[in-house]
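Colleague: I would like to learn how to read a complex of protein and DNA from its coordinates. Could we work through one case together, feature by feature?

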Number of protein chains: 2
Amino acid sequence: MATIQDVAKRAGVSVATVSRVLNHSLSVREDTRKKVQVAIKDLNYQPNLLGRNLRRSETKMILVLLPTISNTFYVKIVKGIEEVGLRNGYNIMLCDTDSDKQREEVYLDLLKNKLIDGAIFMATELSKEELSEIGRYFPMIQCCEYKEGAEVSYISIDNFAAAYKAVQHLIELGHQRIGMISGTNHCISTFQREAGYKKALEDAGIAFDDALILKGEYGFKSGFRAAKQFLHRDKRPTAIFAMSDMMAIGAMKAIKERGLQIPDDMAVVGFDNIRFSTMVEPQLTTISQPQYDIGCIAMDLLLKQMKGELKEPQHIFVEHELIIRKSTFK
Amino acid sequence: MATIQDVAKRAGVSVATVSRVLNHSLSVREDTRKKVQVAIKDLNYQPNLLGRNLRRSETKMILVLLPTISNTFYVKIVKGIEEVGLRNGYNIMLCDTDSDKQREEVYLDLLKNKLIDGAIFMATELSKEELSEIGRYFPMIQCCEYKEGAEVSYISIDNFAAAYKAVQHLIELGHQRIGMISGTNHCISTFQREAGYKKALEDAGIAFDDALILKGEYGFKSGFRAAKQFLHRDKRPTAIFAMSDMMAIGAMKAIKERGLQIPDDMAVVGFDNIRFSTMVEPQLTTISQPQYDIGCIAMDLLLKQMKGELKEPQHIFVEHELIIRKSTFK
DNA sequence: ACCTCCAATGTAACGGATTACATGCTTGAT
DNA sequence: ATCAAGCATGTAATCCGTTACATTGGAGGT
């Protein structure tokens, strides 16, 4: 592999001049530039970015940490991040942490070791103290999930309000016994959505019943199982609000297998508006998040932070939307 | 940020000794090692890997290029790649190329610029000449999709045999008019699967009918549309073989909307055995690939190539399996 | 006491680029 | 003709580790 030295020698100039040509510096005479470009082509020269990165102390690489790549919810967020990142000259790399703290730390070392310029967390197993500590020295943003109290910027929807709106919708349709399929994780979204659920009931004068909250792992099977439990009860709920579309779709399967009609016998609401939510029968009422925008804003925040334009951690909330489909209302 | 110099000064040793401690070199006296470790802790020192990478001319990073991250088919392959990669001290980064050649080239520059040590392509828009050219200088592997004739190793299933088996299964069930929902792309798998389909018909003495092959984009909508077209015909097929589970599921929706029964009125076979294929009603007959193993083998190959143990490009085929479910057979 | 040898450690070159500063040359003013 | 200014280019320091080679000091042999 040719180095900048080789190019300089071949073009009969100094390495500084070659570097100037490479970096589009202004003060290079046209014929010199030509000579250099010819030499570059002749030698099939590719700059070794390890050298440049060392000197500049930046890599123009951004890491996006995903708890899992199997959740299609992240797809559009990543697209948004990529859009803004690439437009600003950054390469976006994704990492699958598998919600494993060790894995997360391996990838975070890349940040600490300066191999990447910044990171966006879609969810993290780190404590708020650990996050604050790293966030003090390295650019990072939390996206969708976040740790309250960590001194790291985040962007998210208002999960409390979203859950409130979904439950309110069910109440308006006349439902009084509304089952919730919540999450076993300790994410803030889970906590806030449960709070929104409770508040909506309270505001409607419906007594809260602990037995109407079951927990799942956000996947199809969890939803299926939880719904089955609800269905076995004497006084089964007439509606189910699941914390993810996947769980909602699982629940729908259980309901249909039982020979019941959706939404007549039991209404179902999901969360996330994944593509599949329109592919099932009946189509699923759900909460939609502006994922693409969320991605764009997360990357914007990160860019600002890397430029040092963020003095204080920012907390941004974006709008959500209740999308009413046939699973609650004909 | 502390540098190795700072650590050396604080520990009262030379940078070489610090480096030896960092790299677990043998010839460091125990008490010296202790001193250095104390200094490292005191200064909260993290080696700046840009320096190391420049010197060693390696980054221990591997890139996996995905045409899209929304296809859950890749999930387990990535898990396999990660398993083997992490175990060997490599960080795995995923990139979403969006099947865009330009995007692909941006990420490939990272390889050319030595920012990553090797790459695994899940699919590429590059020509076989371009692949061969890059493959001559940089470690890379093709996984699942590949370009015939490119001098780059690959691992895949035998798509011809898999399609043959699926169609044979339908024929054995008595189907004579079998529609195929193929792909508009120019991937080798598409070509080979069409060939397998034709050969199975031929071997069964069924005349090939060009009108029974429609093309789609591998997504739900394509399958839905293609199936609709089939359903409108006077002599509609009695079975559909789709090149992806997503298309098969889309087709199932169209069939059900038409009021027809699966598999009685129309049988459906998919490809990939994604998780959703068991979540639909009826569950989908499909071709299963050992995705996890494929990922492991791909990474193994890459490791060998990076070590220079591969003289010739390798072509590896792994077993597939026809999984018979209710969408073809009660 | 002297020499050899080896383990432990230090010194400095090196990897490939960027860039502050130095230098030389051209140009235009006087 | 002389000089200042300014542009184009070159020189060399620098980024931060790694590592070949040099050096030191102590143990063991005679």
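Modeller: Let us begin with the polar contact, which is a pair of N or O atoms within 3.5 Å; within protein, one must be able to donate a hydrogen and the other to accept it, and residues adjacent in sequence count only if both atoms are side-chain atoms. This is a predicted model, in which local features need pLDDT of at least 70 and side-chain atom pairs count only at pLDDT 80 or more, whereas totals for chains, interfaces and linings use all residues. Residues are numbered from 1 along each chain as its sequence is written, chains are lettered from A and ligands numbered from 1 in the order in which they are written, and side-chain values use heavy atoms, with hydrogens and water left out.

Colleague: Which atoms of DNA strand D pair with Thr32(A), Tyr45(B) and Arg55(B)?

Modeller: For Thr32(A), a side-chain N or O atom is 2.3 Å from a phosphate oxygen of DNA strand D, while the side chain of Tyr45(B) places an N or O atom 3.1 Å from a sugar or linking oxygen. Arg55(B), by contrast, has a polar side-chain atom 2.6 Å from a base oxygen of that strand.

Colleague: How many residues surround DNA strand C, and which are the closest?

Modeller: A residue is near a strand if one of its heavy atoms lies within 4 Å of it. DNA strand C is surrounded by 28 residues, the closest being Ile4(A), Ser19(A), Arg55(A), Thr17(B) and Thr32(B). Of the atoms of DNA strand C within 4 Å of the protein, 59% are sugar or phosphate atoms and the rest belong to bases. Among the polar contacts of DNA strand C, a phosphate oxygen lies 2.7 Å from a side-chain N or O atom of Tyr45(A), and a backbone N or O atom of Arg29(B) is 2.8 Å from a phosphate oxygen.

Colleague: Which helix gives the most to the surface near DNA strand C?

Modeller: Helices are DSSP runs (H or I, at least four residues), numbered from the N terminus. H4(A) gives the most, with five residues, and H2 and H4 of both chain A and chain B each supply at least two.

Colleague: How are chain A and chain B related?

Modeller: In general, two copies of a chain are related by a rotation about an axis and a shift along it. Here, with least-squares superposition on the C-alpha atoms of residues with pLDDT of at least 70 in both copies, a turn of 180° and a shift of 0.1 Å along the axis lay chain B on chain A with an RMSD of 0.1 Å. The two copies are thus related as by a two-fold rotation axis.
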